[in-house]
Amino acid sequence: MHNFCQDFETVTPELWMANEEAWKEKLLKLPNWNKIPLVNSNASHNLSDGKLVRFRGMVQDMHNTEFYFEHFEVFNTVTNETKIKTGKYTDTAHIQENERINYTENLKSGQRQTMVIISLPGYNEWAQKLEDEQNHLKHLEDQPNTSRRLEPTKLKRTYDETEESSDVMEVENEGSSKERRTKEDLNEPSNVVSREHLLNFPLPDVASKSCIVKIYDENDNLKLNDMIEVIGFLSVDPALSGEFQDKNSLEPVSETEVEIITHNPPPSLVPRLHAVFVKKLEHCNPLVKEVDQVKILNEANIAREHLLKALTELLLGDQLAAEYLICHLISSVYLRQDTITLGQFCLNISNLPTQKYPNYAKQLYDIIQQFVTKSYYLPLTVDNMNTMALLPKKDYECNRLTSGILQLSKDTHLVLDETQMQQGRLDATGVNNITALGSLIKTQKVEYDFKYYKMEFDSDISVLILSEGKSLLPSDYHVSLRPEKSSLEIFEAIIEAATYYLKEDIMTTIRTYITNLKLVKYSISEDLQFVEDDFIEMRNDSEEPVTADDLHRLLVLARLVSLSRGHDALTEECWRITKDMEKNRLSRLKNKPPTL
């Protein structure tokens, strides 16, 4: 049998272009892509220029369309021969000393979409470790680095010509009166740009990787914050860095120095990738390879029992709170219609025992992050709210979208710790940040700031609020914790016991369960007479008015109760359990919690 993997180790952009469809067909026939180096799990300096590699991440920003020479003629001044070359899947012209580009004949320009892809924000350590084990290629460390560094003049000729074309198009399309400057006119000081600025990662103090991806296929239809896996040819020529731009050149430029450096970071830090194949990802759990709905539902109850047992212990014996937390962990937005978002499940767990255990919320989060693939813990201190950038913002000086903490990919779990909030004054930034969190919870949209206007982007972020009293933020479901006195006395021992109980095989079962239930297709039966009857009864018997919103909240919860127990449709039994859960939850809220 032919070894396709070996083909992909040696393929070059020229070989690929000679028969693109055949190569794509080979790619799709591979049982897995693990032998194609994943940049996330392999050091960039072990990967050579022009090698076929992969990168997995989130679309963080989209730059202007880039123009390049798709085909161009090269003239050899020694032999007087001419030949046609291509600029596709490469950033450099790759011409010899005695070759010249003919700019008047046989020249065809093309365009490619340039995107900044960053490693998935909030990707948890256990998931990263598994991904590295599956994708780290030891033999790459033994190979010499063969990355080529071309002289900047050879690289720059094609690039500058295309930049010039870009400027002309901008004037034609927009009627811009942008003044063309030469570098001789610029007396600006040299801009020192930090590593953090270049990586532009949403979450502070979190290790990350970034990649500039150039996409040729207009049908990929990618959006900001999409999770994708890209296969493409690596471009890591050091001369691509904005630091190597010729400052003495008299050629016209329309970019500031800081913009040039921001858009052209050192390839050793931010490699370029010329995409030949882009795949949108529904999830990023390295344990889940395929979705077998029947198998998932059959095994759901076993996983649920393990998770329920662990969460009940961690929530100090409160099984009702554990049930709601399971529903929260498996929830996701499943339908958007006009202004309605279905499936969101923001959970507020209050009455936490912070007097006895001040760090209880953080300790609970430390266990939760072992279950979910992506998460982030945000203490809601006054200082954090006043200083942190939660919303992405357009930076016109650098011409890029500066990321904010709420720029997250779907199915990220955001845990807000309100128990850390002390007395203090929120300034304008703090008020805006609280407003942004409230808007995210209510609408599952994040407002991006483009200075002159604001634009909402859809999100799918599961928000868990941990607080002492009822949260100052809105929530879909508020559960007041009722700890058992015996559990309160031995919480540290419970944490230790939970860590011992949650062995690797049980953790694998739980992690797979949480991801799989987000992917299962849930159907709504036409025979829901029992729901209709109950709703009419509730409206007649309730002392307080029962609205359509109450029914909607019950149906969302019933969907998750059903899925968590291995049902892909609502049963009468699951509907009964749902009603009991809501009855008990609401009863608790009416009664003052006992002193802890």
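Visitor: Leu391 has a relative accessibility of 25%, so is it buried, partly exposed or exposed?

Guide: Leu391 counts as partly exposed, because its 25% falls between the cut-offs: buried is under 20% and exposed is over 50%. Keep in mind that you're looking at a predicted model.

Visitor: Where along the chain is Leu391?

Guide: You'll find Leu391 in the loop between helix H11 (382–387) and strand E15 (393–395).

Visitor: How far is Leu391 from Val446, in sequence and in space?

Guide: Those are two separate readings. Along the sequence, Leu391 and Val446 are 55 residues apart, while in space their C-alpha atoms are 7.3 Å apart. Try the reading again with Thr86 and Lys108: they are 22 residues apart along the chain, and 9.3 Å separates their C-alpha atoms. Thr86 sits in the loop between E3 and E4, and with a relative accessible area of 22% Thr86 is partly exposed.

Visitor: Now rings. How many aromatic pairs turn up in the whole structure?

Guide: The search finds 17. For each pair you read the distance between ring centres and the angle between ring planes; over 60 degrees counts as edge-to-face. Take Phe8 and Trp23: their ring centres are 5.6 Å apart and their planes stand at 65°, so this pair is edge-to-face. The pair links distant parts of the chain, with Phe8 in helix H1 (residues 4–10) and Trp23 in helix H3 (residues 20–29), 15 residues apart.

Visitor: Are Phe8 and Trp23 buried or exposed?

Guide: Both Phe8 and Trp23 are buried. Here's another pair to practise on: Tyr89 and Tyr216 are 4.9 Å apart, centre to centre, with 70° between the planes, and that pair is edge-to-face as well. This one also links distant parts of the chain. Tyr89 is in the loop between strand E3 (82–85) and strand E4 (99–102), and Tyr216 is in the loop between strand E7 (210–215) and strand E8 (227–235), 127 residues apart.

Visitor: And why do Tyr89 and Tyr216 get the labels they have?

Guide: Check each against the 20% cut-off. Tyr89 is buried because its relative accessible area is 5%, and Tyr216 counts as buried because its relative accessibility is 15%.

Visitor: Which residues form the aromatic cluster?

Guide: Phe8, Trp16, Trp23, Tyr68, Tyr89, Tyr216 and Phe233 form one cluster. Both of the pairs we just read have their residues in that cluster.

Visitor: What about charged side chains?

Guide: The general idea is that side chains of opposite charge can pair when their charged atoms come close. In this structure the count comes to 32 salt bridges. In one of them, Lys29 meets Glu25, with the closest N and O atoms 3.7 Å apart. Lys29 and Glu25 both lie in helix H3, four residues apart, about one turn of the helix. Lys29 counts as exposed at 54% relative accessibility, whereas Glu25, at 48%, is partly exposed.

Visitor: Which salt bridges link distant parts of the chain?

Guide: Here are two. Asp91 and Lys214 meet at 2.6 Å, N to O. Asp91 is in the loop between E3 and E4 and Lys214 is in strand E7, 123 residues apart. Asp91 and Lys214 are both buried. Next, Arg588 forms a salt bridge with Asp318, where the closest N and O atoms are 2.7 Å apart. Arg588 belongs to helix H18 (residues 572–590), and Asp318 to the loop between helix H8 (293–314) and helix H9 (319–329), 270 residues apart. Arg588 and Asp318 are buried too. Salt bridges can also share partners, as they do in a network joining Arg54, Arg56, Glu131 and Glu229.

Visitor: Last stop, the surface. Which residues gather in the patch of negative charge?

Guide: Glu532, Asp533, Glu537 and Asp541 do. Asp541 lies in helix H16 (residues 529–541) and is exposed, with a relative accessible area of 57%.

Visitor: And which residues form the nonpolar patch?

Guide: Tyr396, Tyr452, Tyr453 and Met455, with about 450 Å² of accessible area together. Tyr453 is in the loop between strand E18 (445–449) and strand E19 (454–458), and at 41% relative accessibility Tyr453 counts as partly exposed.

Terms used:
Residues numbered from 1 in each chain as written. Predicted model: local features only at pLDDT ≥ 70, side-chain atom pairs only at ≥ 80, totals over all residues. Heavy atoms only, no water. Patch = residues over 30% accessible without salt bridge, like charges linked within 9 Å, V, L, I, M, F, W, Y side chains within 5 Å. Areas by Shrake-Rupley, 256 points an atom, 1.4 Å probe, with all protein chains shown as cover. Salt bridge = Lys/Arg side-chain N within 4 Å of Asp/Glu carboxyl O. Lys, Arg positive; Asp, Glu negative; His and termini not counted. Charge placed at Lys NZ, Arg CZ, Asp CG, Glu CD. Helix = DSSP H or I, 4+ residues; strand = E, 2+ residues; numbered from the N terminus. Buried < 20%, exposed > 50% of the residue type's maximum accessible area, 1.4 Å probe, protein only. Phe/Tyr/Trp six-rings, centres within 6.5 Å; stacked < 30°, edge-to-face > 60°.
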